[in-house]
Amino acid sequence: MHVQRIQPQPTPVPPPDFASATDTAERILVVEGVGKRFGGLVALSDVSLSVGRGSITGVIGPNGSGKSTLFNIIAGTLRPDRGRVFLNGHDTTRASPAQICRNGVGRTFQISRLFGEMTVLENLVAVAHGASDAEAVERALGLLDFLEITGLRDKWGTELSYGQRKLVEIARALMLRPTVMLLDEPFAGINPRLQNRIVDHLEALRQRGLTLFFIDHEMRIVLEICDTIHVLAQGRVIAEGDAAAIRSDPKVQDAYF
Amino acid sequence: MKSLVIIVVSAALAAVIPFVGSEYALSFTVQLFVFVALAYSWNLIGGYAGYTHFGQVAFFGVGAYTGALMMDAGFHWLLAAGAAGLSGALLALPLGGAMLRVKGPFFAIGMFGMARVCESFALGFDGITQGGTGLYLTPVTDLKPLYFVLWAIAFGMVVLTWKLDNSRLGIQLLAIREDETAADALGIRTTRLKIGTFVASAIAPAAVGSLYATYLSFIDPATAFAPMTELTTIAMVLLGGMGTTFGPLVGAVVMSVVNELLWSRFPEIYLALVGAVILAVVLFMPRGIVSFAMRRAWWWVPAARSSLRRLASRPAPSRSPKEAH
Ligand SMILES: Nc1ncnc2c1ncn2[C@@H]1O[C@H](COP(=O)(O)OP(=O)(O)OP(=O)(O)O)[C@@H](O)[C@H]1O
Ligand SMILES: [Mg+2]
């Protein structure tokens with residue numbers, strides 16, 4: 001692990017109920033009372049949730065319920081109007097995306113954002129911070145091998161199919177050796193065989209200690225692999241718990257099924 | 001390897017011209033070196049980082065005036081060129097910090113405006129610059145040293161770009177060009193990189209501006225900040241291929257030769273013909289001559305960013321899935 005961490009602030013003022021020393025051992029990511037409006041539209045209102053270290057945690061919710069907005073706030077791409085985000089007990093609400101990324105958060109995007117006029121290898125190597133060129137290439141090849149996409153190495157970003165892009169984006173995020181991965185709909189629009197392959201890869205990554213936090217509409221997979229699921233509707237968390245609890249929750253059935 | 005051969009051969013050819021060529025060949029090549037330096041500098045920020053703009057001539061002009069005023073004060077032209085390069089960097093630093101927050105047409109046109117502002121300063125402060133009359137300098141007696149300094153800057157830029165193209169820094173600049181938001185979200189220090197590139201792209205134009213003033217032994221605002229210089233530079237990079245190692249060189253050579261041939265044969269309509277040639281290339285090779293050749297993978301065309309591919313093709317016995325995380 002060569003991930004650079006934010007040093008503890010000289011005078012940290014952690015809120016008493018979140019981010020205390022014992023708590024961060026279990027909760028790698030804490031979102032506290034986050035709200036976000038776009039003009040008159042309330043995308044998120046008072047969302048609080050946490051992600052257990054080493055867990056697979058899912059977010060589900062109807063279209064437009066604020067899932068991607070939540071991820072963008074955690075990753076620093078958007079600033080919340082209210083509330084705070086803690087990563088490993090440190091407040092990262094105002095940190096830049098690059099800083100948050102270098103503190104261990106890797107992410108993929110709902111709509112592919114590969115670098116189109118660059119090869120897959122270059123897409124990966126570009127984001128290997130701190131490693132030498134040779135190490136970066138070595139790491140990239142290892143990841144392509146791990147995700148079974150070695151054949152794509154010299155293809156251009158623009159040449160890839162939808163599913164291939166999703167895999168390459170996952171590989172690219174893993175180049176950063178993250179401790180948490182934010183995956184925005186990794187299974188959307190992908191055939192079931194490839195979906196199962198991605199599931200296998202994600203579980204293998206979790207075995208190695210990575211925390212996975214993902215959004216998806218694919219209920220079969222979400223209910224199967226998540227330890228904890230948060231259900232968003234109209235910018236609020238309306239339910240959370242394990243698969244059984246979510247399945248039987250009447251509010252979820254109303255809003256979602 | 002192929003790249004190195006191309007660089008060495010063309011540099012060697014250019015180096016013998018002052019000994020075998022005519023006066024005319026010499027002046028043609030001096031102009032060519034000026035444009036090669038300008039085109040490569042523009043390629044750094046416009047081609048690699050994707051921040052295309054119409055204001056590079058501001059650095060050329062400011063450099064020309066910095067150098068001319070220093071020579072006027074009695075300093076050697078070489079020292080003046082060094083100071084001019086520095087003035088370009090010093091101007092680019094705050095300008096980049098302010099202007100690189102916006103992109104696309106706003107940055108492009110904003111920089112054009114900056115060049116016009118600089119030009120009006122050169123006109124307005126006539127106590128120092130002699131305004132529209134221009135500054136007359138003592139001509140240098142021997143043009144050869146000047147020629148070789150321009151030669152060194154031009155090929156220095158080629159080598160620098162070749163190194164950049166094969167480095168991770170170059171790939172990170174391309175990532176900014178392709179998708180700055182994603183690059184930022186993946187930990188690439190985009191602000192630092194683009195300001196740094198912008199500053200680097202201002203040094204050679206400013207130094208060359210001063211050397212060009214030395215060559216002409218004259219400078220006035222219309223020459224220093226000529227929009228035609230800007231447009232020709234950009235046309236060369238587009239013609240040759242943006243964000244490539246040899247695009248600016250090929251573009252500058254092709255454009256200069258075509259320009260020269262047409263100008264001498266068809267003086268009345270030569271500008272229209274140059275326009276037609278550019279149009280034809282843009283239509284048939286939208287990414288420029290070099291990109292076109294690279295797609296065809298002709299044997300004599302060096303591949304882009306080949307060093308990574310070479311690293312990747314090395315046999316590596318130790319590669320195991322554990323590497324992945
Ligand atoms: N940049 C933006 N500007 C304005 N409105 C936005 C912006 N981003 C999102 N929204 C709006 O905020 C709401 C929440 O969007 P968000 O993308 O977070 O939903 P989502 O749950 O990810 O939906 P989906 O399942 O369709 O991806 C939507 O109504 C959307 O139109
Ligand atoms: Mg979404």
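1. The largest cavity is lined by A:T108, A:F109, A:Q110, A:S112, A:K166, A:E169, A:I170, A:D184, A:E185 and A:P186, and a reader new to this structure should keep in mind from the start that the model is predicted. The volume of this largest cavity is about 60 Å³, and helix α6(A) is the element that gives the most to its lining, with three residues. Sorted by class, the lining of the largest cavity holds three nonpolar, three polar and four charged residues. In the whole structure the search finds four cavities of 30 Å³ or more.

2. The largest pocket is a separate topic, and its space amounts to about 780 Å³. Its lining is made up of 31 residues, of which B:Q31, B:F35, B:T232, B:N259 and B:Y270 are the closest to the centre of the pocket. Five helices of chain B, namely α2 (23-48), α10 (190-216), α12 (227-240), α13 (247-265) and α14 (270-284), each supply at least two residues of that lining. By class, the lining of the largest pocket comprises 22 nonpolar residues, eight polar residues and one charged residue.

3. The interface between chain A and chain B comes next. The size of an interface is often given as the accessible area lost when the parts come together. For chain A and chain B the buried area is about 3,600 Å², and carbon and sulfur atoms give 57% of that area. Chain A brings 44 residues to the contact, while chain B brings 34 residues.

4. Polar and charged pairs also span this interface, where the rule finds 14 residue pairs in polar contact, with both residues at pLDDT 80 or more. On the side of chain A that touches chain B, the elements giving two or more residues are α3 (97-102), α4 (120-125), α5 (133-146) and α6 (162-174) of chain A. Among these, α5(A) provides the largest share, ten residues. Divided by class, the side of chain A that touches chain B consists of 24 nonpolar, seven polar and 13 charged residues. Helix α6(A) thus appears in two settings, since it gives residues to the side that touches chain B and also gives the most to the lining of the largest cavity.

5. Side chains of opposite charge can pair when their charged atoms come close. Over all chains, the search of the whole structure finds 13 salt bridges, and across the interface of chain A and chain B the rule finds four. One salt bridge joins the side chains of B:R287 and A:E117, with a distance of 3.7 Å from N to O.

6. Within chain A, a salt bridge is formed by A:R84 and A:E32, whose closest N and O atoms are 3.7 Å apart. This pair links distant parts of the chain, given that A:R84 belongs to strand β4 (residues 82-87) of chain A and A:E32 to strand β1 (residues 27-38) of chain A, with their positions 52 residues apart along the chain.

7. Which backbone angles deserve a second look? Although A:N88 is not a glycine, its phi is positive, at about 50°, and A:N88 sits in the loop between β4 and β5 (90-91) of chain A. In chain B, the residue B:S217, likewise other than glycine, has a positive phi near 50°, and B:S217 is found in the loop between α10 and β2 (218-219) of chain B.

8. A last point concerns A:E148, which is placed in the loop between α5 and α6 of chain A. Leaving aside residues up to four places away in sequence, A:E148 touches A:R197 and A:H201. By contrast, A:E148 and A:H90 are 58 residues apart along the chain, and their C-alpha atoms are separated by 36 Å.

Definitions and conventions. Residues are numbered from 1 along each chain as its sequence is written. Chains are lettered from A and ligands numbered from 1 in the order in which they are written. This is a predicted model: local features need pLDDT of at least 70, side-chain atom pairs count only at pLDDT 80 or more; totals for chains, interfaces and linings use all residues. Side-chain values use heavy atoms; hydrogens and water are left out. On a 1 Å grid over the protein atoms alone, a cavity is a set of points where a 1.4 Å probe fits but cannot get out, and a pocket is an open set with protein on both sides within 12 Å along at least five of seven lines; lining residues have an atom within 4 Å of a point. Grid points are joined across faces, edges and corners, and a volume is the space filled by probe spheres set on the points. Helices (H or I, at least four residues) and strands (E, at least two) are DSSP runs, numbered from the N terminus. Ala, Val, Leu, Ile, Met, Phe, Trp, Tyr, Cys and Pro count as nonpolar, Asp, Glu, Lys and Arg as charged, and the others, Gly among them, as polar. Contact means heavy atoms within 4.5 Å. Buried area is the accessible area (1.4 Å probe) that two parts lose on being put together, summed over both. A polar contact is a pair of N or O atoms within 3.5 Å; within protein, one must be able to donate a hydrogen and the other to accept it, and residues adjacent in sequence count only if both atoms are side-chain atoms.
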